[in-house]
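New to this one? Take a minute to turn the model around on your screen before reading on.

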Amino acid sequence: MKQKKLHSIIPIQRIAAVALCFLCVTSLIAQKASVQATVQPTEIMIGEQALINLKVITPKDKVIHFPVYEKEIVPGIEVIAMLPPDTLIENNVMTLNFKYVVTSFDSTLYYIPHIPFFDGTDTIYSNSFGLKVTSPELSDSTLAYLEKINKGETDSIDFRQLQLNDIKPVRKAPFVWTDYLWIFWIVLGVILLLGLIGFIIYLVLNKKKKGYFFKPPEVLPAHVRALSELDQLKAEKIWQQGREKDFYSRLTDILRTYIYEREGINAMEMTSGEILNEIRKISDVDSVYENLKQILSTSDLVKFAKYKPYPNENDLSLVNAYFFVNQTREPDPVVKNGTGDEETRRQGDGKTGGRGE
């Protein structure tokens with residue numbers, strides 16, 4: 001019984017050892033760099049250029065040394081330039097692309113068996129590839145003349161028969177207005193800069209002369225704005241449409257705003273009684289107080305007691321609003337006549353006297 005158990009344990013140990021060796025080999029292979037060489041295009045004419053790309057995939061901690069060619073990769077393929085590598089690192093894997101710009105002046109099919117590079121430990125070789133270099137097609141007459149030269153049938157070389165022409169002179173490029181667009185932008189920028197400087201100078205001079213940079217907006221006196229709003233409310237005649245509540249709300253808002261702007265009393269936040277007490281303090285004219293009291297009392301009844309005023313009450317409220325504004329308005333500015341000896345004061349429509357008179 002014990003002998004059978006011993007036989008079953010030994011294979012398990014062997015399997016574990018084999019698996020461990022496999023993982024180690026896989027890890028070593030995964031850490032080894034690989035390289036792939038490609039050339040684009042695969043076929044060029046004599047004197048044209050191609051690009052050889054070495055794509056190296058390696059762990060990111062490896063230091064890769066690419067071969068440096070001073071002249072040729074293989075005889076016939078000349079290296080014009082070596083471009084700096086492009087590097088990409090993802091998940092601890094580094095991908096490098098190193099490019100050689102090459103050309104050739106001999107038509108044939110070139111075979112590059114490999115390109116080596118060093119990864120700090122080993123020398124890795126790329127795959128092989130080929131580059132085909134072709135010559136331009138020559139006419140039959142040119143080929144025939146070349147045959148004569150090869151056979152020694154002519155001592156001189158006639159370039160016309162070879163159809164070889166001298167280098168053409170440099171041609172002047174055609175005029176394209178977009179090539180000079182930058183001049184336009186420079187001129188426009190200078191003009192805008194000069195305009196800005198001139199505008200700043202104007203503002204400074206205007207500030208010294210008038211005391212302000214920009215003319216402040218004209219603010220109409222409080223009574224002018226109030227009378228204009230009363231005229232608009234009168235023209236709408238909304239109290240004749242059964243909208244007495246809207247009529248009195250707008251009417252009292254106009255008067256409350258006027259009182260705040262004219263006297264500095266925060267009438268918008270006060271009750272009707274508080275407003276009347278403040279008006280009594282600043283004006284001892286009974287009609288001023290009574291006119292406002294009639295408007296506010298009727299408005300409170302309409303808005304809070306659902307009172308239905310008579311048509312003449314609505315007309316009276318509007319007339320009293322005009323009286324109140326005209327009685328408490330600020331005096332008109334003094335206007336001097338041509339000789340400067342007399343002064344006149346413009347009187348407003350419906351004005352019965354100054355404040356407190």
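Here's a quick tour, from the whole chain down to single residues.

What you're looking at is a predicted model. The chain has 9 helices and 12 strands, and 28% of its 357 residues count as buried. Two separate nonpolar cores come up below, one of 31 residues and one of 29.

**The chain as a whole**
- If you take the contacts with a separation of 6 or more, 58% of them link residues 24 or more positions apart.
- The accessible surface adds up to about 25,400 Å², and carbon and sulfur atoms account for 59% of that.

**The largest nonpolar core**
- This core holds 31 residues, and the members touching the most others are Leu-230, Phe-247, Leu-251, Ile-259, Leu-292, Phe-324 and Val-325.
- Five helices each put in at least two residues: α5 (222–236), α6 (244–263), α7 (272–282), α8 (286–304) and α9 (311–328).
- The largest share comes from α6, with 7 residues.
- For a handy place to start, click on Phe-324: leaving aside residues up to four places away in sequence, it touches Leu-255, Tyr-258, Ile-259, Ile-279, Val-288 and Leu-292.

**The second core**
- Separate from the largest core, there's another one made of 29 residues.
- Ile-77, Met-94, Tyr-110 and Phe-129 are among its members.

**A look at helix α9**
- With 18 residues at 1.5 Å each, α9 should span 26 Å, and its end C-alpha atoms are indeed 26 Å apart, so the two values agree.
- Plenty of names turn up on the buried list for α9: Asn-314, Ser-317, Leu-318, Asn-320, Ala-321, Tyr-322, Phe-324, Val-325, Asn-326, Gln-327 and Thr-328.
- What do the buried residues of α9 pack against? They pack against α5, α6, α7 and α8.
- Two of the buried α9 residues, Phe-324 and Val-325, also appear among the core members that touch the most others.

**Strand β10 and its partners**
- Strand β10 covers residues 129–134 and runs parallel to β2 (residues 43–45), with 3 bridges joining the pair.
- Within β2, look for Glu-43, which stands opposite Lys-132 in β10.
- Strand β7 (residues 108–112) also pairs with β10, this time antiparallel and through 5 bridges.
- To find one of these bridges, go to Tyr-111, whose partner in β10 is Gly-130.

How values were computed
Residues are numbered from 1 along each chain as its sequence is written. This is a predicted model: local features need pLDDT of at least 70, side-chain atom pairs count only at pLDDT 80 or more; totals for chains, interfaces and linings use all residues. Side-chain values use heavy atoms; hydrogens and water are left out. A nonpolar core is a set of buried Ala, Val, Leu, Ile, Met, Phe, Trp, Tyr and Cys residues joined through side-chain atoms within 4.5 Å. Buried means under 20% relative accessible area, exposed over 50%, partly exposed in between (1.4 Å probe, protein chains only). Helices (H or I, at least four residues) and strands (E, at least two) are DSSP runs, numbered from the N terminus. Contact means heavy atoms within 4.5 Å. Accessible areas come from the Shrake-Rupley method with a 1.4 Å probe; for residues, only the protein chains shown count as cover. Two strands pair if DSSP finds at least two bridges between them. The expected span of a helix is 1.5 Å times one less than its number of residues.
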